[in-house]
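Here's a quick walk through one protein model, written for someone who would rather look at residues than read theory. Keep the viewer open and follow along.

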Amino acid sequence: MFTLAEVASLSDIQPTYRILKPWWDVFMDYLAVVMLMVAIFAGTMQLTKDQVVCLPVLQSTVNSKVQPDTSGKADFTTVETTTGQEEASMRTVSFGSAPTVTPDVLLSRATSSQYQPTESGQELKKEQKDSSGRKTNLDFQQYVFINQMCYHLALPWYSKYFPYLVLIHTIILIVSSNFWFKYPKTCSKIEHFVSILGKCFESPWTTKALSETACEDSEENKQRLTGAQSLPKYVSTSSDEGSPSASTPMITKSGFKFSADKPMIEIPSVTILDKKDGEQAKALFEKVRKFRAHVEDSDLIYKLYVGQTVIKTVKFIFILCYTANFVNTISFEHICNPKVEHLIGYTQFECTHNMAYMLKKLLISYISLICVYGFICLYTLFWLFRIPLKEYSFEKVREESSFSDIPDVKNDFAFLLHMVDQYDQLYSKRFGVFLSEVSENKLRGISLNHEWTYEKLRQHVSRNAQDKQELHLFMLSGVPDAVFDLTDLDVLKLELIPEAKITAKISQMTNLQELHLYHCPAKVEQTAFSFLRDHLRCLHVKFTDVAEIPAWVYLLKTLRELYLIGNLNSENNKMIGLESLRELRHLKILHVKSNLTKIPPNITDVAPHLTKLVIHNDGTKLLVLNSLKKMTNVAELELQNCELERIPHAIFSLSNLQELDLKSNSIRTIEEIISFQHLKRLTCLKLWHNKIVSIPSSITLIKNLESLYLSNNKLETLPAAVFSLQKLRCLDVSYNSIAVIPVEVGLLQNLQHFHITGNKVDVLPKQLFKCVKLRTLSLGQNCITSIPDKVSQLLQLTYLELKGNCLDRLPATLGQCQLLRKSGLIVEDHLFDALPSEVKEVLNQDTSIPFANGI
């Protein structure tokens with residue numbers, strides 16, 4: 001059952017949902033209210049007034065009606081007489097002791113009374129005098145009884161129940177009209193939509209974004225006329241600025257224009273947005289995005305609205321069909337045969353329905369209202385099926401604004417927007433602003449610039465290892481405009497900034513030569529690209545898929561160093577654009593950290609230019625290396641973690657190779673090292689973190705070798721051939737299983753760095769200390785029990801590691817190592833404390849000798 005409050009809420013045009021009420025729904029609601037008033041008025045009249053009045057029909061009256069007298073006066077007299085006789089009859093029947101009086105007797109009495117009034121009066125007085133008992137007013141009760149019986153027997157059912165039918169029909173129509181607002185699976189979506197729509201309409205960002213569109217158009221036209229001749233060197237002067245060639249992906253519009261003196265930010269008054277308003281606008285963008293995804297997946301609201309409209313139309317046809325048949329049944333006179341002759345003495349009564357006239361007028365009014373209601377329902381159905389309401393296009397909004405990326409919507413989202421358009425199309429226009437990515441990006445840019453000012457960015461600038469000024473921006477919504485005002489910046493790192501945009505203002509950063517893009521597919525304007533193409537020297541790109549690499553990267557003709565870190569599997573090798581690497585004519589260093597199974601032929605396209613190639617393969621086996629032969633100018637080659645089991649033969653063709661690094665592979669034997677004798681320029685060989693068991697004697701053929709790294713292998717001995725490399729300056733055999741340092745070590749007169757940490761050495765040969773040029777000596781984590789006093793011969797020693805051995809003491813001659821200080825002596829504290837105090841004082845002294853760390 002509906003409560004009165006619920007019925008009232010159904011008939012009310014709720015202010016919350018008024019924007020979803022088209023004119024026909026509003027009109028039908030008013031019609032329903034009028035029909036409800038008709039029902040209440042008719043029902044009230046039936047309850048408060050007499051419903052029917054009945055009088056008995058005498059037989060003589062019936063006959064007189066069949067054969068009417070020519071005199072109207074006689075008829076009137078008869079009716080009066082009959083009425084008087086009826087009253088007498090009623091009174092006679094009222095007394096239980098009186099005999100039953102038939103109509104004929106009453107008629108004869110009435111006739112005789114006209115001629116003998118004195119006698120009748122005497123008889124009546126006599127009867128009254130003779131009667132006894134209590135007066136009951138049974139005659140009145142008989143009238144009421146007959147009226148009630150005849151109300152149910154003689155009156156047609158439609159005359160009795162018409163007001164209630166109107167009330168029920170009206171309630172059904174009201175419920176049908178508002179059901180889509182109340183149905184559980186639709187009301188939440190509608191409430192959410194209305195809430196978001198209201199916030200979008202009232203949001204300051206909506207007004208500012210639409211105003212900015214108009215201002216941008218006028219300002220751009222003005223700039224094209226007045227500022228085209230005064231642009232700086234790296235600003236494009238073409239009329240279609242922001243639309244580069246097909247080979248260079250660019251953003252199509254620039255938000256900034258430049259004069260010859262300094263850059264100017266246009267429309268400051270429009271783009272200044274309060275921080276609170278900006279946060280609310282950003283939240284609205286997220287809400288709209290989620291609401292669209294939630295509503296577009298179904299068309300339940302549309303189907304429900306169509307269904308309720310069909311129900312109302314069917315209801316209208318049904319009401320009209322049966323009501324028209326019952327209009328004439330509502331009449332003033334009715335004949336009643338209650339079959340109570342044994343009580344009253346009359347078989348037929350003539351009844352009058354007092355309200356018949358008024359009810360008939362109300363019924364005609366109701367039919368008129370229903371007809372109007374029905375025609376509106378038919379119009380609604382025509383509107384529902386005339387155009388596809390499950391699709392909505394923002395074509396007009398796109399034409400009137402710069403937000404050309406507003407997407408078309410479908411299903412329930414589209415239907416709700418069509419309904420809003422019937423209220424006011426301005427709502428959809430302002431709502432469309434929050435569906436545009438361009439609009440969202442503009443808002444993000446404004447909020448970003450508001451938060452990241454020049455002063456804040458300056459605080460984040462640091463000095464890197466190369467003593468260059470560096471700025472690292474991480475997980476921002478875009479690149480703040482103030483970044484491009486840091487004109488003295490050398491290195492710019494952008495990480496996890498999916499909407500990064502490099503504007504023409506970057507041309508101010510004349511010191512910028514290194515750019516890092518980590519998961520940041522940055523877009524550049526045409527002018528910005530021209531600047532980067534001429535100035536950028538080093539570029540780092542980190543990506544998940546090769547498609548994330550910006551295409552403009554391959555067009556940087558002056559680029560010297562390129563670092564690519566990401567997935568470049570065999571399927572994507574064809575996409576590496578790497579075909580475009582041939583355009584990088586000045587590229588010298590190429591660093592690829594990926595999972596290659598072969599070196600892409602595209603890389604070899606730039607081989608004649610490369611001097612350094614680094615491939616870190618993250619454990620994927622590199623199978624095909626023949627293309628290395630083309631890299632005749634490569635001086636440094638690193639093949640790390642490529643699961644190599646042998647030294648690739650292609651390397652032996654690199655006649656200009658100076659440094660080879662095969663770190664973290666699976667190399668067990670290096671017998672191929674004999675072929676290195678052809679590499680006359682090879683000075684550094686790194687075979688660390690492999691599985692090498694022994695060093696072949698053919699290593700002596702690498703005459704120019706200066707650095708040999710064999711740490712983290714499985715070596716047990718050091719062959720004398722190693723110590724025949726007279727130019728060797730660095731030898732690293734740490735973390736093996738070497739037990740003895742050969743006495744031939746003393747032959748390495750140029751040795752400056754010797755690392756044998758993490759082995760099984762227990763004795764240090766005295767010949768080791770003949771290497772007087774040693775500056776670094778790492779002997780930690782061995783089994784050494786004593787350090788010879790000849791350690792004092794190492795006058796250039798700056799670093800000595802002894803920690804993790806079996807030493808009892810340190811030689812006092814350590815104090816004679818002039819360049820050794822406590823910071824360079826890695827040993828247990830108790831051993832250092834056991835040294836003589838004068839030795840400790842020498843080791844604790846600070847030194848400012850410029851060559852303390854080596855020449």
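## A tour of the model

Let's start at Tyr-30, which sits in helix 2. Keep in mind that this is a predicted model. Which residues join Tyr-30 in making a nonpolar surface patch? The others are Trp-23, Phe-27, Val-372, Tyr-379 and Phe-382, and together with Tyr-30 they make a patch of about 630 Å². Two helices feed it: helix 2 (23–48) and helix 15 (356–386) each put in at least two residues.

Now zoom out. The protein chain has 855 residues, and 48% of them count as buried. Its secondary structure comes to 24 helices and 26 strands. Take the contacts between residues at least 6 apart in sequence: 56% of these join residues at least 24 apart. As for the outside, the accessible surface is about 42,700 Å², with 54% of that belonging to carbon and sulfur atoms.

Next, pick out Gln-308, found in helix 13 (residues 300–326). Is Gln-308 buried or exposed? It's buried: its relative accessible area is 4%, and the cut-off for buried is under 20%. So what does the side chain of Gln-308 reach? One partner is the backbone oxygen of Ser-177, at 3.2 Å. A polar atom of the Gln-308 side chain also lies 3.3 Å from the backbone oxygen of Ser-176. Setting aside neighbours within four places in sequence, Gln-308 is in contact with both of those serines, plus Phe-179 and Trp-180.

Finally, here are two helices whose lengths can be checked against the 1.5 Å a residue rule.

| Helix | Residues | Expected span | End C-alpha atoms apart |
|---|---|---|---|
| Helix 9 | 184–202 (19 residues) | 27 Å | 28 Å |
| Helix 19 | 437–451 (15 residues) | 21 Å | 21 Å |

Why do 19 residues give an expected span of 27 Å for helix 9? The expected span is 1.5 Å times one less than the number of residues, so that is the figure for helix 9, and the 28 Å between its end C-alpha atoms agrees. Helix 19 agrees with its expected span too.

Both helices have buried residues you can click through. In helix 9, the buried residues are Thr-186, Cys-187, Lys-189, Ile-190, Phe-193, Val-194, Ile-196, Leu-197 and Cys-200. In helix 19, they include the charged-type names Glu-440 and Lys-442, along with Ser-439, Leu-443, Ile-446, Ser-447 and Leu-448.

How values were computed:
Residues are numbered from 1 along each chain as its sequence is written. This is a predicted model: local features need pLDDT of at least 70, side-chain atom pairs count only at pLDDT 80 or more; totals for chains, interfaces and linings use all residues. Side-chain values use heavy atoms; hydrogens and water are left out. Patches are made of residues with over 30% relative accessible area and no salt bridge: like charges are joined within 9 Å, nonpolar side chains (Val, Leu, Ile, Met, Phe, Trp, Tyr) within 5 Å. Accessible areas come from the Shrake-Rupley method with a 1.4 Å probe; for residues, only the protein chains shown count as cover. A salt bridge is a side-chain nitrogen of Lys or Arg within 4 Å of a carboxyl oxygen of Asp or Glu. Helices (H or I, at least four residues) and strands (E, at least two) are DSSP runs, numbered from the N terminus. Buried means under 20% relative accessible area, exposed over 50%, partly exposed in between (1.4 Å probe, protein chains only). A polar contact is a pair of N or O atoms within 3.5 Å; within protein, one must be able to donate a hydrogen and the other to accept it, and residues adjacent in sequence count only if both atoms are side-chain atoms. Contact means heavy atoms within 4.5 Å.
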